[in-house]
Amino acid sequence: MRVGVLGAGAWAEFAHIPGYKRDQRCEVVAIADPVLERAQAFAERFGIPQAYASHETLIARDDIDLVDVCTPSATHFALSWAALEAGKHVLCEKPVAYDYADTRRAAEKAGQMGVRTKLGFTFRYSPAMQYMKDLIDQGYVGTPFIFNGYEQNSQWLNPQTPLRQVDHEADQSSIQVSSLEGYGAPIMDLAHLFMGSRFTEVVGTMKNFIPERVVRATGTMMRMNIDDGDVFIGNFANGGFGTIQTSFVTVGNYPGLEARVYGSKGALICRLVEENGICESLKGATAEQVEFRDLEVPARFYPPGGSKEESWRSLFYANLISSFISEIVDDGVVSQGHFEDGAHVQELINAVELSCRERRWVSIPLSP
Ligand SMILES: NC(=O)c1ccc[n+]([C@@H]2O[C@H](COP(=O)([O-])OP(=O)(O)OC[C@H]3O[C@@H](n4cnc5c(N)ncnc54)[C@H](O)[C@@H]3O)[C@@H](O)[C@H]2O)c1
C-alpha cells in the first residue's frame, strides 16, 4: 500500500506515521502541509520521499492508494471527499463532518467508488478494548443491560493552555459543542460496539465551566462559551440503557476513557488512563465471582513489540493502521470503525446537542 499523509502536525507525528512505519505492508510515499517546512521536516525525519505544500498535488498522484487526513477538523470533509473522488482509500481523523448527513454522504461516496474508509476512533483499537469486545462476543457478560462511558481528563483545566479547534468568531451568547464531539465520539463508538446496538433516544446537558481561555488562533484570553463538560443518558435499540460523560476540565490523566458493560452473566470495566507507566487495564466479574479481578490481555491483541507499558498514542494507532491495511488488502476482512459507523456517532452527537438546546428527549434517527 502506498500512503499519502495530509497534515504534518502533532497527531501525525505521534500516532499516524509511527503506525505506518510499523506495518511492513505499507509505505508512506508523500506528505503534504500548507506550511511546506513542516512537511519537509517530517519527510526528512521519517524518510518520506516527497513533501508538498498542496493536498491537490498529493491526491492527484495515481500511484497513491491510501490518503490519510490528519488535519484540523474543519478541513476533514473537503479533503476526504477529494480523496474519495480520486478513488483513494481514506483514513480520516474524527469528525469527517460536523453534520451526520455529510458523513453519510461520504460513506456512500466510498461505496460508489469501491474504496474502504476508516475513522480515527483510536480507542476501539486498544488491545484491552479489543479483548473486551472479544469477551462480550464469547458471552462473558451475557445479555448486555447497561453501558457507562467516560472520556475525561484535565487537558484544558488551566485556562492558559491555548485552545485549538474552536471558532473564536462564533456567537458567544450560546454554548458551542466542543467536548461532546472532540471527546465524546470515541466513547460513543465504543458504546455501539459493546452493546451490539445503537442509541434510539437521548437526553443530555452541556456546560461551560471555564468562561475565559487563551485561544491559539488569537493568542489572547477571551470569552469562550464552549461545552467543556457534558453528560447524557439514552436507551439502546436492544432494550439496554447507557450514560456517557465527557469533559476536558476533569482532573485525571490522558486519554481518560472508561467503558463499563453490565449484563445478565457478568460485567467488564476497561480503563484507558496512563498511570504509573501503564496505559490500559481490564477488570471482570461474573455472577458467580462478584469481586472484580484483573484480566490479562492476551499477546495476540498487541501489535508486534507492543505492550501496556508503551505510549497509548503509538500502541492503539498501530492496531488501527494494521486493521485498515488488512481490510484493504484482504476482501474477506470485515471493515470496522468506517465512515458509516462515524455517521451514526455524528448523528448521536447532533441528537444530544438538539436535546440540550431544546431541553427534551430526542429520537434517533433524526428527521432530515
Ligand atoms: N483520534 C485521536 O485520539 C486524536 C488525538 C489528537 C488529535 N486528533 C485529531 O487529529 C487532527 C490533527 O490534530 P493535530 O493535533 O495533529 O493538529 P495540528 O494543528 O498539530 O496539525 C494539523 C496540521 O494540518 C495542516 N493542514 C491544514 N490544512 C491542510 C491541508 N489542506 N492539507 C494538508 N495539511 C493541512 C496544518 O498546517 C497543521 O500542520 C485533528 O482533527 C484532531 O482532532 C485525534
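# A tour from M132 outwards

Select M132 to begin: setting aside the residues within four places of M132 in sequence, its contacts are F194, L268, C270 and L282. The model on the screen is a predicted one, and every stop below should be read with that in mind.

Keep M132 selected and add I31 and F194, since these three residues touch the most other members of the largest nonpolar core, which has 93 residues. If you then colour this core by element, α9 supplies the largest share, with 9 residues. The core draws at least three residues from domain 1 (2–115) and at least three from domain 2 (124–362). Apart from this core lies another one, of 6 residues, and W156, Y183, I226 and F248 are among them.

Next, select helix α6, residues 127–137, where 8 of the 11 residues are buried, so that the helix is largely enclosed by the rest of the structure. The buried residues of α6 are P127, A128, M129, Q130, Y131, M132, K133 and I136, and showing them as sticks will place M132 among its buried neighbours in the helix. To see what covers these residues, display the elements around them, which include the strands β7 (144–152), β13 (255–263), β14 (266–273) and β15 (281–286), together with the helices α8 (184–195) and α9 (312–329). Before leaving, step to G139, just after α6, where the phi angle is positive, at about 100°.

Now colour the chain by domain, with domain 1 covering residues 2–115 and domain 2 covering residues 124–362. The C-alpha centres of the two domains lie 23 Å apart, and the contact between them takes 26 residues from domain 1 and 24 residues from domain 2. On the side of domain 1 that touches domain 2, the elements to select are α1, β5 (89–92) and α5 (100–113), each of which gives two or more residues. By class, this side of domain 1 has 15 nonpolar, 5 polar and 6 charged residues.

The last stop is the ligand, and the helix to keep displayed is α1. Which residues are the closest to the ligand? Of the 24 residues that surround the ligand, the closest are G7, G9, W11, E93 and G120. Helix α1, residues 10–21, gives the most to this shell, with 3 residues. Colouring the shell by class divides its residues into 11 nonpolar, 9 polar and 4 charged.

Methods. Residues numbered from 1 in each chain as written. Predicted model: local features only at pLDDT ≥ 70, side-chain atom pairs only at ≥ 80, totals over all residues. Buried ≥ 20, exposed ≤ 12 C-beta atoms within 10 Å, placed from the backbone. Helix = DSSP H or I, 4+ residues; strand = E, 2+ residues; numbered from the N terminus. Contact = placed C-beta atoms within 7 Å. Near = placed C-beta within 6 Å. Nonpolar A, V, L, I, M, F, W, Y, C, P; charged D, E, K, R; others polar. Domains from an automatic or database assignment. Core = buried A, V, L, I, M, F, W, Y, C linked by C-beta atoms within 7 Å.
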